[in-house]
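Before you read the points below, please take a moment with the sequence and the model. The note moves from the sheet to the core, then to single residues, and ends with confidence.

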Amino acid sequence: MTIPGSKQNFCPASTGRAQTSFFCGADGASHRYFGFHREGERAVFRLWAPRAGEVFLCGDFNGWSVTSHPMRSLDGGVWEAELPVSAVQAGQTYKYFLCRG
């Protein structure tokens, strides 16, 4: 899939099934992959930000520090951060801090 006016292709073949469906416009349930999810003993945060140079996770759990939890870049502009599930509690808020690429 190519964004109109852009030569960048967001339908990478090397990503996992959930990501590929999202990038190709075939998945109406991307909320199951992106955002916050508990996966076993991990709290996983995912965001699609293909033009970001760096992304940080901040929130109640880290005193809103914009540098203490850098997210790692995955294929296709996806960013991910993992925390122990014990580090987050119900009702806490969070945001992503994006820096230009």
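1. Two strands are said to pair if DSSP finds at least two bridges between them. With that in mind, look at His37, whose bridge partner in S2 is Val44. Strands S1 and S2 are joined by 5 bridges and run antiparallel. Please remember throughout that this is a predicted model.

2. The wider sheet is open and is formed by 4 strands in the order S1-S2-S5-S4, with antiparallel pairing. Strand S1 (35–39) and S4 are at its edges, and because each has a single partner strand, one side of each is left without a neighbour in the sheet. As background, the strands of a sheet pair through backbone hydrogen bonds, in either a parallel or an antiparallel way.

3. Which strand is joined to S3 by 7 bridges? The partner is strand S6 (residues 94–100), and the two run antiparallel. Within this pair, Val55 stands opposite Leu98 of S6. S3 is largely enclosed by the rest of the structure, because 6 of its 8 residues are buried.

4. The largest nonpolar core has 13 residues, and those touching the most other members are Phe45, Val55, Leu57, Met71, Trp79, Leu83 and Val88. Two or more residues of this core come from each of strand S2 (42–48), strand S3 (52–59) and strand S5 (78–84). In soluble globular proteins, nonpolar side chains tend to be buried together. To follow one core member in the viewer, take Leu83, which, apart from residues up to four places away in sequence, touches Glu41, Arg42, Ala43, Phe45, Leu57, Phe61, His69 and Val88.

5. Is Glu80, a residue of strand S5, buried or exposed? Glu80 has a relative accessible area of 8%, and it therefore counts as buried, the cut-off being under 20%. The side chain of Glu80 makes a polar contact of 2.7 Å with the side chain of Arg46, and another polar contact, of 2.3 Å, joins the side chains of Glu80 and Arg72. Once neighbours within four places in sequence are set aside, Glu80 is in contact with Val44, Phe45, Arg46, Met71, Arg72 and Leu74.

6. Asn62 is placed in the loop between S3 and strand S4 (72–73), and at 14% relative accessibility this residue also counts as buried. Its side chain makes polar contacts with the side chain of Ser68 (3.1 Å) and with the side chain of His69 (3.0 Å). Leaving out residues up to four places away in sequence, Asn62 touches Leu57, Ser68 and His69.

7. How many disulfides does a search of the whole structure find? The search finds 0. Of the cysteines, Cys58 is buried, with a relative accessible area of 6%, whereas Cys99 is partly exposed, at 23%.

8. Finally, please weigh the confidence of the prediction: the chain averages a pLDDT of 81, and 73% of the residues score at least 70. Among the elements of the chain, S3 has the highest mean pLDDT (97), while helix H1 (residues 17–23) has the lowest (61). Over residues 1–14 the pLDDT stays under 50, and the model has 20 contacts beyond four places in sequence for this stretch. Where pLDDT is low, the predicted coordinates should not be read in detail.

Technical notes
Residues numbered from 1 in each chain as written. Predicted model: local features only at pLDDT ≥ 70, side-chain atom pairs only at ≥ 80, totals over all residues. Heavy atoms only, no water. Disulfide = S-S within 2.5 Å. Buried < 20%, exposed > 50% of the residue type's maximum accessible area, 1.4 Å probe, protein only. Core = buried A, V, L, I, M, F, W, Y, C linked by side-chain atoms within 4.5 Å. Contact = heavy atoms within 4.5 Å. Polar contact = N/O pair within 3.5 Å; in protein donor to acceptor, adjacent residues only side chain to side chain. pLDDT = per-residue confidence, 0-100.
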